[in-house]
Amino acid sequence: MADERPLVLVIGGTGVMGSEVMRSLEGRCRLRALVHSDMSDAEIARRYPQAERVQRDLLDAGSLEAAFAGVDRVFLLTPSVPEQASLEENALAAALTAGVQRIVYVSSTDVGWEIELSAAHRAMEQRLADSGVEHTVVRPEYLLNNLLGEVDDLARGRLVAPSAQGRCPFVDARDVGAVAAAILLAAEPPPGPVEVTGPESLSWAELAGRLHGALGHPVMHVDPDPTEWAQEAVSAGMAPWLADALAEYFEKLRERPLEASDDIRRVIDRSPHSVEDFTDDVLGPAMPPIGEQSTPALVSPSGDASGAPLVATIPTNHRSQHA
């Protein structure tokens with residue numbers, strides 16, 4: 001008997017959020033992943049052996065027909081790179097040509113800000129609205145999963161972010177995956193946009209305090225100047241475009257704190273994971289011994305008084321990789 005479940009194409013399936021979408025969808029639909037390298041192809045094959053894989057490059061619009069053939073619904077997540085708009089335009093054009101029924105597009109809660117990181121999101125949200133295709137925009141907040149790239153600093157008692165008193169409702173990627181999967185599989189999608197946030201808005205200093213309690217050792221927020229932070233990030237290997245865009249994001253966050261939404265409960269009828277939930281389930285098991293570092297820290301030409309660099313990891317809702 002033919003499998004009549006919808007065929008869902010996941011774009012961005014090896015990233016932090018995309019991986020959670022794949023996990024939430026597995027076994028509930030026919031599943032296909034668009035991959036762009038042998039490495040991501042192998043990763044999807046290992047983690048989701050029942051999923052189809054089609055290796056194509058979103059920048060090559062003429063190559064995408066096979067990836068979208070027969071697809072009913074699409075999860076679209078692209079990286080924050082200068083080419084983001086082209087990646088998304090090509091994906092949308094291929095989806096419309098293939099007759100895709102529904103698109104779930106990952107934007108950002110800062111989409112209304114006039115900053116570089118949100119420019120492509122603003123344009124794509126408008127293109128989707130103009131296209132006539134059924135779609136839901138999902139706007140996730142800054143991921144708690146970013147902390148997994150900062151375990152060495154956290155083990156030394158430091159949480160680095162040039163955020164001052166800026167606040168945002170940090171969210172667990174597991175919640176993003178659950179919400180996106182629910183929308184992809186629903187008979188009728190909920191009205192969007194859907195803002196996927198944690199249960200409360202916190203400053204980085206308040207987050208450090210929560211981590212102190214959850215991890216059982218002191219954690220202090222280190223707050224460098226955004227411009228200095230960007231310079232050190234470039235010295236440590238971050239692309240200049242992204243470093244400047246992130247510095248602009250943090251500058252804006254200082255002026256326009258973000259608030260929590262109740263949309264997770266609206267879509268999947270449960271509360272979002274808390275900082276403590278994430279720490280117990282995900283962050284705590286990944287921590288190195290306190291006072292030690294498991295991998296070499298990024299090196300920068302200048303640092304704080306302790307000599308440690310002031311560079312945090314790239315926020316993964318503005319990540320530089322894609323599947």
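User: In which helix do Asp263 and Arg266 both lie, and how many residues apart are they?

Analyst: In this predicted model, Asp263 and Arg266 both belong to helix H11, where they stand 3 residues apart, or about one turn of the helix. Helix H11 spans residues 263–268. In general, an α-helix has 3.6 residues a turn, so residues three or four places apart point the same way.

User: What makes the pairing of Asp263 with Arg266 a salt bridge?

Analyst: The closest N and O atoms of Asp263 and Arg266 are 3.2 Å apart, and the criterion asks for a side-chain nitrogen of Lys or Arg within 4 Å of a carboxyl oxygen of Asp or Glu. The distance of 3.2 Å meets that limit, and therefore the pair counts as a salt bridge.

User: Is Asp263 called buried or exposed, and why?

Analyst: The relative accessible area of Asp263 is 13%, and because buried means under 20%, Asp263 falls into the buried class. Its partner Arg266 has a value of 39%, which lies between the 20% and 50% limits and therefore makes Arg266 partly exposed. Elsewhere, salt bridges that share partners join Glu125, Arg139 and Glu195 into one network.

User: Which residues does Asp263 touch, beyond those up to four places away in sequence, and what makes them contacts?

Analyst: With those sequence neighbours left out, Asp263 touches Pro193, Val194 and Glu195, where a contact requires heavy atoms within 4.5 Å. One of these residues, Val194, belongs to strand S9 (194–196), and Gly192 lies in the loop between helix H7 (173–185) and that strand. Gly192 has a relative accessibility of 47%, and because this is neither under 20% nor over 50%, Gly192 is called partly exposed. The C-alpha atoms of Gly192 and Val104 are separated by 9.9 Å, although the two residues are 88 apart along the chain.

User: How do you know that the side chains of Arg47 and Glu43 meet in a salt bridge, and where do both lie?

Analyst: The N to O distance between Arg47 and Glu43 is 3.3 Å, and because the cut-off is 4 Å, the pair qualifies. Arg47 and Glu43 both lie in helix H2 (residues 38–47), 4 residues apart, about one turn of the helix. Arg47, at 36% relative accessible area, is partly exposed, and Glu43, at 25%, is also placed in that class.

User: What do Glu276 and Arg210 tie together, and why does the pair count as a salt bridge?

Analyst: The side chains of Glu276 and Arg210 meet at 3.7 Å, N to O, which is within the 4 Å limit, and therefore the pair counts. Glu276 lies in helix H12 (residues 275–286) and Arg210 in helix H8 (residues 204–215), so the salt bridge ties together parts that are 66 residues apart in sequence. Glu276 has a relative accessible area of 28% and Arg210 has 27%; because both values lie between 20% and 50%, both residues are partly exposed. The structure holds 23 salt bridges.

User: Which residues gather in the patch of negative charge on the surface, and what makes Asp225 eligible for it?

Analyst: The patch gathers Glu116, Asp225, Glu228, Asp244, Glu248 and Glu251, and helix H10 (residues 240–255) supplies its largest share, 3 residues. Asp225 is found in the loop between strand S11 (220–222) and helix H9 (226–235). A patch residue must have over 30% relative accessible area and no salt bridge; Asp225, at 39%, is over that threshold, and therefore passes the accessibility condition.

User: Why is helix H1 called mostly covered?

Analyst: In helix H1 (residues 16–25), 8 of the 10 residues are buried, and because buried means under 20% relative accessible area, each of those residues falls below that limit. Among them are Met17, Val21, Met22 and Leu25. Just after H1, Gly27 takes a positive phi of about 85°.

User: Is Leu34 buried or exposed, and how far apart are the C-alpha atoms of Leu34 and Val10?

Analyst: Leu34, in strand S2 (residues 30–35), has a relative accessibility of 1%, and because the limit is 20%, Leu34 counts as buried. The C-alpha atoms of Leu34 and Val10 are 6.3 Å apart, while the two residues are 24 apart in sequence. Across the chain of 323 residues, 55% count as buried.

Methods. Residues numbered from 1 in each chain as written. Predicted model: local features only at pLDDT ≥ 70, side-chain atom pairs only at ≥ 80, totals over all residues. Heavy atoms only, no water. Patch = residues over 30% accessible without salt bridge, like charges linked within 9 Å, V, L, I, M, F, W, Y side chains within 5 Å. Areas by Shrake-Rupley, 256 points an atom, 1.4 Å probe, with all protein chains shown as cover. Lys, Arg positive; Asp, Glu negative; His and termini not counted. Charge placed at Lys NZ, Arg CZ, Asp CG, Glu CD. Helix = DSSP H or I, 4+ residues; strand = E, 2+ residues; numbered from the N terminus. Buried < 20%, exposed > 50% of the residue type's maximum accessible area, 1.4 Å probe, protein only.
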